Each structure stands twice: as C-alpha cells, then as structure tokens.
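Dear colleague,

I am passing this structure on to you, as agreed, together with some notes on what turned up in it. Please look it over before reading on.

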Amino acid sequence: MSLDRWLEILSTLGRNRLRTFLTMLSVAWGILMLVVLQGAGQGLSHGTQEQFKDDAVNSIWMFAGRTTIPYGGYPVGRRLTFDNGDYDALRDAPGVEHLTGRYGIRGGGFFGGEVIVRRGDKSSSFDVRSVHPDHLYLEKTIMVAGRFLNQRDLDGHRKVAVIGMPVRDFLFGPGADPMGQWIEVNGVAFQVVGVFTDEGGEGELRKVYLPITTAQRAFGGNDRINMLMFTVGDADVAESQALADQAIALMAEHHDFAPADKQAVRVRNNVEAFDRFNKIFKIIELFVWVIGLGTIVAGIVGVSNIMMIAVKERTKEIGVRKALGATPSSIITMIVEEAVFLTAIAGYVGLVAGVAILQLVAAVLPANDFFSDPTVDLGLAIKATVILIVAGALAGYFPARAAARVNPIVALRDQ
Amino acid sequence: MVRLDKINKYYRVGAHSLHVLRDVDLEIEPGEMVSIMGASGSGKSTLLNVLGILDGYERGEYWLDGTLMRDLNERKAAHYRNKFLGFVFQSFNLLPFKTAAENVALPLYYQKVPRRKRNRIAMQYLERVGLLDWAEHLPSEMSGGQKQRVAIARALIGKPRLILADEPTGALDSETSHQIMDLLTEIHQTGITMIVVTHEHDVAARTQRVIHLKDGRVEADP
C-alpha cells in the first residue's frame with residue numbers, strides 16, 4: 001500500500017477523533033477482556049494443577065479408622081490399625097501398580113510427625129517418614145544424588161536414610177556430599193544413601209525417608225502401618241473405584257469388619273479427585289470462552305455500528321469523490337482499509353494492555369494454591385484480533401458498498 | 001462535444017414509472033458555453049446526471065467527445081468522469097477536512113498522480129483562481145466565493161473537455177455571483193466547453209445559448 005493511501009487514511013481518521021477513539025475502544029476492550037479472562041482461567045487452572053503436581057494423580061490412599069457397623073461379634077467403635085499383612089494382601093491384588101505403606105515414628109505426629117534429626121552439633125526437627133521403595137512413585141520423588149530406598153534395605157532392616165535437599169543443606173552445608181555419612185534420627189544412627197527433591201514445594205522437601213521395616217523395629221512399631229498408598233496405572237474413575245472397593249474387601253477379611261463400613265477404612269481416591277477438578281476446569285474454560293466470545297461479539301457489533309454511522313455521515317464525501325472520478329471499488333477499498341487499520345491498531349493495543357495487566361497481577365499476587373502463572377494463549381488472542389479485523393473489514397465493506405452505489409448528485413444535494 | 005440523440009429516461013416510483021426525459025435532442029459544439037434552465041421538476045437535474053455520466057438512460061444515445069456513453073459500468077463511468085468532466089456545484093462540495101490545496105488536488109489522486117506533483121499542480125490552479133495565499137486553509141475558514149473558486153480550480157485540474165456547473169451561484173450573493181461568472185467566462189474563453197444549469201436569468205444571460213427544459217422536453221433551443 002502506497003504512502004499516499006496511508007496519508008489519505010490517516011487524514012480521514014484524524015477528522016473525527018471521537019468516533020475513531022470509540023471504535024478503537026470497543027475493539028481494544030473486547031480483546032483486553034478476552035486476554036484477561038483467558039489469563040485468569042489459565043491462572044486458576046495452573047494454581048490447582050500445582051496442587052496435584054506433588055503426588056501421583058492416579059493413586060488411592062487408605063487410612064484405618066473406627067468401625068461403625070457391628071460385624072463378626074465385634075462391637076462398633078473398634079479402632080483398626082493396618083499392618084504388614086495388609087501390605088502383603090494388597091501387593092498381590094490385581095490392578096495395584098505401585099504400593100507403599102507409611103509408618104510414622106512415635107514421638108512425632110500420627111502420620112510421621114516432626115522428629116529430631118541430628119548430625120554432630122547440628123540438630124533440627126524434620127518430618128520422618130518410613131516407607132516402602134514404591135513410595136518414590138507415589139510421592140513423585142526426584143533423586144538428585146544416590147538412590148532411593150530399595151527392597152534389600154527393607155529385607156535387611158538396614159539403617160539407611162534418604163534426605164531432602166534442605167535437610168542436606170542444613171546438616172551438611174549447601175551442596176555438600178552427604179553420601180555415606182551418618183545422621184541420628186531420634187537417637188538412632190542412619191547412613192545417608194540418597195538426596196531428593198520434589199515439586200511439591202518446601203514442605204515436601206524437609207523430609208527424611210527410612211526403610212519401613214527398620215523403623216518398625218527401631219522405634220517399636222511392631223508391624224504397624226499408618227497409611228497405605230497405591231497407584232492404579234491408567235485406570236479410569238470407575239475402575240479406580242472398583243480397585244478401592246477390592247482393597248477394602250481385602251482388609252475387611254483381614255480385620256473382620258463389614259466391607260460396607262465406610263468409616264472402618266477411609267479412602268482418598270485421587271483419580272476421582274483429579275477427574276473432578278478436571279471437570280471443573282473444563283467448565284471454567286468453557287465459561288471463559290463464552291464470556292470471551294460474548295465480548296468479541298459485542299466488539300464486532302460496536303465496530304459495525306460505528307462503521308455504519310461513519311459511512312452514512314460520509315455519503316456526501318463519497319459523492320464528491322465519485323464525481324471527481326473515484327471508482328466504486330476505490331471507495332470501498334478506502335473505507336475497508338480504514339476499518340482494518342483501526343481494528344488492527346486497537347486490537348494490538350488491547351492485546352498489549354491485557355498482557356500487561358496479567359503480568360502485573362502475576363507480579364503483585366504471589367503464587368498460591370488457587371492462582372499462579374496467569375499466561376495468555378497468544379495464538380488465541382491473535383486469532384481474536386484477526387477475527388475482529390475481519391469483522392471490522394466486513395462492517396466497513398457492506399455500508400461502503402451501499403454508499404459506493406449512491407448517485408453522486410443525490411449525495412451532493414443532500415445538505 | 002456533446003450530442004444527445006432522443007434520450008429517454010424513466011424513474012421507477014413504486015409500481016409506476018415516471019418519464020423524466022422525453023426524446024431529448026441536444027448538440028453542443030466544442031468551446032460553447034450553454035445554460036440549461038427550467039423549473040424544478042423539469043428534468044434539468046436528471047439531464048445533468050446523464051450529462052455528468054452519473055446516471056444512465058433507457059433509450060437514445062449520448063456522445064461525449066466522440067465516445068458513446070452508454071451502459072457503462074461504474075468503473076468506466078468513473079474513468080470518463082475523471083478524464084472528460086469537471087463539476088462545479090451549488091454547495092461547493094469541498095471535503096471539509098482537507099485544505100484548499102488538497103481539495104484541488106483530489107481529482108489527480110484518482111488519476112494516480114504522485115503526491116508531490118499533484119500538490120505542485122494544485123498550487124498552479126489555485127493561483128489561477130487567485131487563492132494561492134489560501135492554499136493551506138480549510139474550507140471552513142473561507143467565504144462562499146472563495147470556496148467556489150477552490151471548487152472551480154478542482155474542476156479544472158483534471159484538464160476536462162467539459163465543465164458541468166450545477167447552480168454555481170445559487171449559494172452566493174449577487175456581487176460574488178458576478179465574480180464567479182466572470183471566472184467561468186474567463187475559463188470558457190480558454191476553450192473549455194461549459195454547461196451551466198441555473199434558474200437565474202442573469203446567469204443564463206451570460207452564456208451563449210440558453211436551453212429551456214419543460215416536462216422533460218427541450219422547449220426552446222434557438
């Protein structure tokens with residue numbers, strides 16, 4: 001497009017600044033809203049996904065509870081405790097992929113409360129978990145040095161420990177190599193065989209893992225297990241539910257409680273929870289789309305309206321241009337180019353403003369469990385801008401085509 | 001220059017059709033200055049539309065400078081308007097957001113003359129109508145007479161064979177009208193054919209020939 005055409009466009013747009021501004025505002029606003037909504041939806045989605053990042057989403061967690069249904073001659077209210085027999089039964093059950101128990105050391109909390117960990121003159125309290133080797137998969141533990149616990153550790157009741165990076169940093173100094181060194185857990189010495197990290201954040205890192213068999217023996221746990229966790233492969237919600245029921249049935253047999261007793265063994269099915277969250281986010285996504293499209297449609301209507309008025313107002317100008325030798329196509333091209341120019345600039349402004357707002361929100365609002373990293377789907381925003389530009393072009397085209405057909409003498413006599 | 005041969009034109013008004021031009025015959029020689037008079041509804045505006053290639057006609061032939069103007073598409077019509085014709089209107093019809101010079105240069109924009117060149121030519125024509133000092137002024141800053149001079153300069157810049165003036169003095173006081181007619185006469189004397197549509201006898205009197213139109217017919221063409 002020649003400089004001449006640009007100058008012609010700019011001179012006509014500069015003529016009615018208010019109208020130009022309003023057209024641009026409606027377009028910029030539409031894009032801005034779409035971008036901000038999109039980003040907010042993404043932020044919500046990211047925030048929640050962050051919560052699931054920590055653990056395997058295809059897992060089922062089980063906690064022992066109290067019976068509420070009389071069964072096999074036992075009264076209600078009997079407190080149940082898992083033991084190694086439950087672990088063995090589940091390990092042989094079909095559909096169970098990775099399985100681990102967790103036994104928390106007494107003196108801390110029930111599920112492995114804070115225990116004093118010492119090396120030389122340095123000591124602090126950390127969360128100590130005694131687990132099976134498969135815990136690695138359940139917790140999505142990432143090894144940075146050495147190895148995780150293995151079956152031979154358990155079989156031999158070895159006094160070995162795997163520690164989180166902050167634990168290493170505290171006890172050995174940042175970046176130091178703790179491998180083969182000894183630490184004291186609740187007064188019992190353990191040899192460090194691995195260092196790990198985890199995407200679950202600081203809380204998941206300030207931990208010490210011990211072989212469950214060693215802990216049961218060293219800390220008077222007998223064969224007790226506080227909690228059992230297992231993954232179910234790629235089972236869907238219904239299949240995972242069936243696997244949970246199967247697990248309950250196995251335990252009911254082992255501990256003599258009614259399989260229908262919901263309180264005897266409490267189950268947290270992450271497959272179901274994850275699925276539920278996914279569904280919620282599908283709905284939020286849909287909602288964002290509906291609102292975004294609504295805003296775009298409003299923008300299109302606004303642009304069409306203003307273009308229609310603009311062309312109507314310019315009937316006389318179009319008449320003059322035609323009398324001076326403008327072809328209808330040159331009239332249509334002129335108006336469509338103006339419309340496209342306007343919407344393109346405004347769309348870009350809206351896009352930039354929307355991204356800026358999201359950046360600001362991301363900077364001001366600390367990442368939390370519900371909202372983090374509100375990125376924009378730039379492709380979508382550009383698509384929306386292109387849609388608006390096309391709409392602007394059409395909004396200019398139809399009235400321009402009608403105006404270009406106007407008889408100049410009629411247009412010119414129109415006072 | 002202009003030859004109309006039994007031109008007939010109808011306007012559709014609802015289910016009826018109105019016969020606005022009835023067998024109009026007209027011959028205008030090159031270099032003539034002619035006025036067309038007639039009451040409102042006599043068909044003079046329609047005739048002007050046809051002459052200005054702004055509107056078609058149903059029957060007859062319109063020859064302009066040896067070219068038959070018939071069943072033209074909009075592109076062709078625009079091309080001929082640009083090449084053959086210059087328009088001067090009662091209400092000047094300058095674009096209000098363009099300066100005098102830009103208004104004058106506009107026909108050259110549609111002839112794809114480069115900007116610098118057409119601005120230079122526009123200055124020459126503004127000088128010719130005595131408004132060189134007003135080149136950078138907007139129409140709103142000018143008097144009626146000045147605006148019409150700008151419009152005349154704009155009509156001339158495309159080097160037309162024929163100037164069509166539609167009530168060129170209709171919006172002006174008598175003294176200014178006089179000056180504008182002087183200017184048009186002067187332009188005519190350079191050899192440009194001119195048709196002035198008017199209802200003012202003073203104006204008609206300054207042309208070489210007066211054509212009276214009544215009920216869509218040429219009444220007297222002495």
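**Pocket, cavities, cores and two buried residues**

The largest pocket is lined by 23 residues, and those that lie nearest its centre are A:T327, A:S330, B:Y109, B:Y110 and B:K112. Two or more residues of this lining come from each of α1 (3-15) and α12 (328-364) of chain A and α2 (74-84) of chain B, and the largest share, six residues, belongs to α2(B). By class, the lining of the largest pocket divides into nine polar, eight charged and six nonpolar residues, around a volume of about 510 Å³. Please bear in mind throughout that this is a predicted model.

As for enclosed space, the structure holds three cavities of 30 Å³ or more, and the largest cavity has a volume of about 110 Å³. Of the 13 residues that line the largest cavity, A:L13, A:R19, A:A310, A:E338 and A:L342 are the closest to its centre. The elements of chain A that each supply at least two residues of this lining are α1, α2 (17-53), α10 (270-313) and α12, so named in chain A by the numbering of helices from the N terminus. The lining of the largest cavity is made up of five nonpolar, four polar and four charged residues.

Turning to the fold of chain A, there are 14 helices and 13 strands. The radius of gyration of chain A is 34 Å, well over the 22 Å that the globule rule gives for 415 residues, and chain A is therefore more spread out than a compact globule. Along its principal axes, the C-alpha trace of chain A spans about 105 × 55 × 30 Å. Of the 415 residues of chain A, 48% count as buried, and among its contacts between residues at least 6 apart in sequence, 77% join residues at least 24 apart.

Where do the nonpolar residues gather? The largest nonpolar core has 71 residues, and B:V2, B:L4, B:L51, B:Y62 and B:L64 are those with the most contacts inside it. Apart from this core lies another, of 48 residues, including A:A93, A:V115, A:I183 and A:V195. In soluble globular proteins, nonpolar side chains tend to be buried together. To take one residue of the larger set, B:V2 touches B:L26, B:E27, B:I28, B:L51, B:Y62, B:W63, B:L64 and B:L162, leaving aside residues up to four places away in sequence.

Two residues of chain A may also deserve your attention. A:R129 is found in strand β5 (residues 122-131) of chain A, and A:R129 counts as buried because its relative accessible area is 8%, under the 20% cut-off. With residues up to four places away in sequence not counted, A:R129 touches A:R102, A:Y103, A:H135, A:E139, A:E204, A:K207, A:V208, A:Y209 and A:L210. A:H135, one of these contacts, has its place in helix α4 (residues 135-139) of chain A, and at 0% relative accessibility A:H135 is buried as well. The residues that A:H135 touches, again not counting those up to four places away in sequence, are A:T100, A:R102, A:R129, A:K140, A:T141, A:F148, A:Y209 and A:M229.

With best wishes

Methods: Residues are numbered from 1 along each chain as its sequence is written. Chains are lettered from A and ligands numbered from 1 in the order in which they are written. This is a predicted model: local features need pLDDT of at least 70, side-chain atom pairs count only at pLDDT 80 or more; totals for chains, interfaces and linings use all residues. Side-chain values use heavy atoms; hydrogens and water are left out. A nonpolar core is a set of buried Ala, Val, Leu, Ile, Met, Phe, Trp, Tyr and Cys residues joined through side-chain atoms within 4.5 Å. Buried means under 20% relative accessible area, exposed over 50%, partly exposed in between (1.4 Å probe, protein chains only). Contact means heavy atoms within 4.5 Å. On a 1 Å grid over the protein atoms alone, a cavity is a set of points where a 1.4 Å probe fits but cannot get out, and a pocket is an open set with protein on both sides within 12 Å along at least five of seven lines; lining residues have an atom within 4 Å of a point. Grid points are joined across faces, edges and corners, and a volume is the space filled by probe spheres set on the points. Helices (H or I, at least four residues) and strands (E, at least two) are DSSP runs, numbered from the N terminus. Ala, Val, Leu, Ile, Met, Phe, Trp, Tyr, Cys and Pro count as nonpolar, Asp, Glu, Lys and Arg as charged, and the others, Gly among them, as polar. The radius of gyration is taken over C-alpha atoms; the globule rule is 2.2 Å times the number of residues to the power 0.38.
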